[in-house]
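Dear colleague,

I am passing on the structure below, and after it you will find my notes on the pockets and on the contacts with DNA.

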Protein chains: 2
Amino acid sequence: MSATPRKDLAAMIVPLGRALAAAEVPLLREHGLTMWAYTVLLGLGEQPLRSQAALAEAIGADKTRIIEVLADLDDRGLITRTPDPADRRVRLLALTPEGRRVRGAAQAAIQARENALLARHLPPTLRAPFLEALTTLSTLPPDSLTDPTP
Amino acid sequence: MSATPRKDLAAMIVPLGRALAAAEVPLLREHGLTMWAYTVLLGLGEQPLRSQAALAEAIGADKTRIIEVLADLDDRGLITRTPDPADRRVRLLALTPEGRRVRGAAQAAIQARENALLARHLPPTLRAPFLEALTTLSTLPPDSLTDPTP
DNA sequence: CAGGTTAGTACGCATGTGCTTATCGTGTGC
DNA sequence: GCACACGATAAGCACATGCGTACTAACCTG
């Protein structure tokens, strides 16, 4: 049975995530972005998003906290917040071309760094399976990891 | 070149880590442990550890913050803090048998849950490579992920 | 022995974040 | 039309965490 003596998954993953996130910060700074701003830009995909609450939900942020982030990004012309004509309570969120450019530039820098890191530290045969497994796990619905769901 | 359109590593790993850590909390509670207490028990391996500062460093905690955790674990008989006869300023930290038992029980519960989770969500061919890659990355020196180190 | 250093401890401050409440404009159901 | 619901916003509280300071006991150097 307990044939695999190893550390806990979380004990390995959490520090790894911390380190990767910490490594991103300076790169984001060079592009004038905070982590939250970058997260918002990533959360705004290609299609405009309806309502800030939906965005907050999607990126796991507090809806009262991203307001200033959104206001800042709006001021700087990276996103637009236009009232929905159909329901003027909600704001339609969309990337501007400039926002798309900045997001792309930041992401390119980050992923280039990450790829170099994987190339340096991970044996070639492990890279693809690792990324695939990671993608699989990260696209699961949020509670399939938290619930025991038998 | 940019042949792999994917999310950032950190964008996948960090939420995953959060979810896994959140899933641990209730299990730890059942064993009377907080996350920090559990981290301390994991940090105290088989050999006793010299000095609390070393422990804090090892588990990435603030040395002024784990004091009460250590005091609590000591009070509950899960660890011992004995002054080093050679240098009575430093405390030798060690697991008691009971501490070892509790740590083992908690870890067994956690890993059983994690294994079930992997079995449910990850194709069999990906499991071993995923764990191996994760182990590799998580045993790297902390700054090899943060530094660009050329 | 005197002065400087270190480990452990306690305390306070600043920050980030989650959660709650209040307000305002807008929509919707009765 | 009016009461209630909802989205966005602002303000405040609570808690965890990181960081710095101060104090004590012990060690070490000269």
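Helix 1 of chain A gives the most to the lining of the largest pocket, supplying 10 residues; please keep in mind throughout that this is a predicted model. That pocket holds about 1200 Å³ of space, and of the 37 residues lining it, Ala11(A), Val14(A), Pro15(A), Arg18(A) and Ile59(B) are the closest to its centre. By class, its lining comprises 23 nonpolar, 7 polar and 7 charged residues.

For the second largest pocket the volume is about 1000 Å³, and here helix 1 of chain B gives the most to the lining, with 8 residues. Its lining has 29 residues, of which Ala58(A), Ile59(A), Gly60(A), Ala11(B) and Pro15(B) lie nearest the centre, and the lining divides into 18 nonpolar, 6 polar and 5 charged residues.

Turning to DNA strand D, there are 17 residues around it, of which Gln52(A), Trp36(B), Arg65(B), Asp87(B) and Arg88(B) come nearest, and the residues of this surface divide into 4 nonpolar, 4 polar and 9 charged. Base oxygens of the strand lie 3.4 Å from a polar side-chain atom of Arg65(A) and 3.1 Å from one of Arg89(A), whereas for Arg88(B) a backbone N or O atom lies 3.0 Å from a phosphate oxygen. Two elements give two or more residues to this surface, namely helix 3 (52–59) of chain A and strand 3 (87–95) of chain B, and strand 3 of chain B gives the most, with 3 residues. Of the atoms of DNA strand D within 4 Å of the protein, 59% belong to sugar or phosphate, and the rest to bases.

Best regards

How values were computed: Residues are numbered from 1 along each chain as its sequence is written. Chains are lettered from A and ligands numbered from 1 in the order in which they are written. This is a predicted model: local features need pLDDT of at least 70, side-chain atom pairs count only at pLDDT 80 or more; totals for chains, interfaces and linings use all residues. Side-chain values use heavy atoms; hydrogens and water are left out. A residue is near a molecule or strand if one of its heavy atoms lies within 4 Å of it. A polar contact is a pair of N or O atoms within 3.5 Å; within protein, one must be able to donate a hydrogen and the other to accept it, and residues adjacent in sequence count only if both atoms are side-chain atoms. Helices (H or I, at least four residues) and strands (E, at least two) are DSSP runs, numbered from the N terminus. Ala, Val, Leu, Ile, Met, Phe, Trp, Tyr, Cys and Pro count as nonpolar, Asp, Glu, Lys and Arg as charged, and the others, Gly among them, as polar. On a 1 Å grid over the protein atoms alone, a cavity is a set of points where a 1.4 Å probe fits but cannot get out, and a pocket is an open set with protein on both sides within 12 Å along at least five of seven lines; lining residues have an atom within 4 Å of a point. Grid points are joined across faces, edges and corners, and a volume is the space filled by probe spheres set on the points.
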